[in-house]
Amino acid sequence: MPSVRTRFAPSPTGFLHVGSARTALFNWAFARRHAGQLVLRIEDTDRERSTRESEAALIEGLEWLGIDWDEGPHRQSERGGDHAEAIEALLSKGRAYRCRCTPDEIEERRLAAIATGAKWTYDGRCRDLDLGTDCGPHTVRLRLPERGALTWNDLVFGESGQDAREIGDKIIRRSDGQPLYNLAVVVDDLAMGITHVIRGADHHANTPLQIAIYRALEREPPQFAHVPLIVGPGGKKLSKRRDPVSVQSYREEGYLPEATCNWLARLGWSHGDQEVFSREEIAALFDLGSVHRSSAQADPAKLQWLNQHYIKALPRDALVAQLLPFLEATAQRKLKPTPELEQLVDLLRDRSKTLADMARLARFLVVDEIAYDDRAARKHLKRQIERPLADLHDRLSALEDWSEAALESAFDEVRARHDDLPVGKLAQPVRVAITGTDVSPGIFETLAVLGKRRTVSRLAEAIHFLRHG
RNA sequence: GCUCCCAUCGUCUAGCGGUCUAGGACGUGGCCCUCUCAAGGCCAAGACACGGGUUCGAGUCCCGUUGGGAGCGCCA
């Protein structure tokens, strides 16, 4: 068995959360870095909330990010036998005991304890009753030592731990016979030979109990590394309503997986001053020692910058392929790559933070009818431009050579005939006429891409618009 | 409330007792370029939360305060 086995163990109760995605990325990178393996385990023991749909979404998210795993997906729900066996073993060795206290009784005693100022841990009422299977509805609790440090050396947080007495005897099996999370993870991590548990810092406080379970099972705990949480604006917890929390939402907004990975990797981890990391570099350079201990705020602006960086670097074919779905959505029809589209995409790289941006800017090329943006039309399609525009229309209709250079000289001629009209004064109205907006790549490049037929007809439409509104 | 954790520019971070008049990146502002928008180039503003120690010397070590976070489930 390889010396390193990590695991990613999400619960399938929604989409792939950015925090989970980063945990997955770190597990993946750590495994790859050490020539180890990554195991995928779906923690679906909460039957109420787990669905196959979200399991599929989880997997789709991982695949999109380019995070591959070596084993699984295992499902925790299919491992009930192991869990039950472990609990029986603990019971028979006296490391666990049956407890028939009901939730109501416990709540009552808890409140009473807190009222006197004491702090509450389970009071051990059933601890030494030696209850058998015939004791009626009951849970099973782990018998913790009276005291004793439950410590570990966290690969991110350093020496960590808590005393057993702070925790109290915790339930490891529900009265319906189902094992609890903390028991199940330990049994599964053991069964799967996990050597390094890399997970969100929200589990840091669970770890002492898990250490206690490992000891009760008389097994060595793995190494633990807790990675800080990703938080939203103002350092507040990410909110589903306010913040984009799923990687799917980033995908839908037109972020590239490379950019998303890079962004996630730099949230809580760094490698000197380096900002740009390919997936391969992440896998080659990732180390837990450089993971920060404080939580990180997700900064969308930095993701945008990274995304544009990767858009600029992506080979043309790949970029067109990635763009197509976004373009089809905005054009409302099926599309195929064309030489014109490929040219335009190259012109748009420097102007797009996301694929959605790029689709918006490329729309004029793939739709038959453009609509004028109100503000742009009011500003640039004014009465006094009618004559120069009409002149340009006629000049371009007669143009044989539809090259950027030829277009530029045509513009120059027309401008000269109209009191040396400045380039911008002509370019902006033309831009609105052919794209509907006052934003596009250079005007000659744009016209060259659009082609003669459509340029001429859109100019005619603009002139009509100027004359008749 | 209790337990635990964290704390460098607005944000992500470098820093692992002297090399720090604290470095980089994003973002922001200005200038250049310019037919629009970008991209690009140049420049700038911007941080060691606070208070005590330890030390010849502290962003770096210790303690407290403040501020944030996590956990305290028959959820995962």
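The following paragraphs describe the overall form of chain A in a predicted model, then its nonpolar core, selected helices and the surface near RNA strand B.

The secondary structure of chain A consists of 20 helices and 12 strands. Its radius of gyration is 32 Å, well over the 23 Å given by the globule rule for 469 residues, so the chain is more spread out than a compact globule. Taken along the principal axes, the box filled by the C-alpha atoms of chain A is roughly 105 × 45 × 35 Å. Buried residues make up 36% of the 469 residues of the chain. Of the contacts in chain A between residues at least 6 apart in sequence, 78% join residues at least 24 apart.

In soluble globular proteins, nonpolar side chains tend to be buried together. The largest nonpolar core in this model has 112 residues, and Leu-25, Ala-212 and Leu-323 have the most contacts inside it. Helix α1 (residues 18–33) supplies the largest share of this core, namely 9 residues. When residues up to four places away in sequence are not counted, Leu-323 touches Val-345, Leu-355, Met-358 and Ala-359.

Helix α4 (residues 103–115) offers an example of a hardly covered element: the count of buried residues among its 13 residues is 0. The distance from its first C-alpha to its last is 18 Å, close to the 18 Å expected at 1.5 Å a residue. Gly-117, which follows α4, has a positive phi near 90°. Leu-111 also serves as a reference point for Asp-189: these residues are 78 apart along the chain, and their C-alpha atoms are separated by 36 Å. Asp-189 itself is found in helix α6 (residues 181–191). Asp-189 counts as buried because it has 23 C-beta neighbours inside 10 Å, where 20 or more are required. Apart from residues up to four places away in sequence, Asp-189 touches Arg-7, Ile-194, Val-197 and Pro-222.

The surface near RNA strand B involves 56 residues, of which Ser-11, Glu-43, Tyr-181, Ser-294 and Gly-442 come nearest. Two or more residues are given to this surface by each of β7 (158–163), β12 (296–297), α11 (300–313), α18 (423–435) and α19 (443–450). The most are given by α18, with 4 residues. By residue class, the surface near RNA strand B divides into 17 nonpolar, 22 polar and 17 charged residues.

Two of the contributing helices were examined further. The 14 residues of α11 should span 20 Å at 1.5 Å a residue, which agrees with the 20 Å between its end C-alpha atoms. Within α11, the buried residues are Leu-303, Leu-306, Asn-307, Gln-308 and Ile-311. An α-helix has 3.6 residues a turn, so residues three or four places apart point the same way. The buried residues of α11 pack against α9 (257–265) and α12 (316–331).

Helix α19 is mostly covered, with 6 of its 8 residues buried. These buried residues are Ile-443, Thr-446, Leu-447, Ala-448, Val-449 and Leu-450. Their cover includes α13 (339–348), α14 (355–366), α17 (404–417), α18 and α20 (452–468). Helix α18 thus appears both in the cover of the buried residues of α19 and as the element that gives the most to the surface near RNA strand B. Just after α19, Gly-451 adopts a positive phi of about 95°.

Methods: Residues numbered from 1 in each chain as written. Chains lettered and ligands numbered in written order. Predicted model: local features only at pLDDT ≥ 70, side-chain atom pairs only at ≥ 80, totals over all residues. Near = placed C-beta within 6 Å. Nonpolar A, V, L, I, M, F, W, Y, C, P; charged D, E, K, R; others polar. Buried ≥ 20, exposed ≤ 12 C-beta atoms within 10 Å, placed from the backbone. Contact = placed C-beta atoms within 7 Å. Core = buried A, V, L, I, M, F, W, Y, C linked by C-beta atoms within 7 Å. Expected span 1.5 Å × (residues − 1). Rg over C-alpha atoms; globule rule 2.2 N^0.38 Å.
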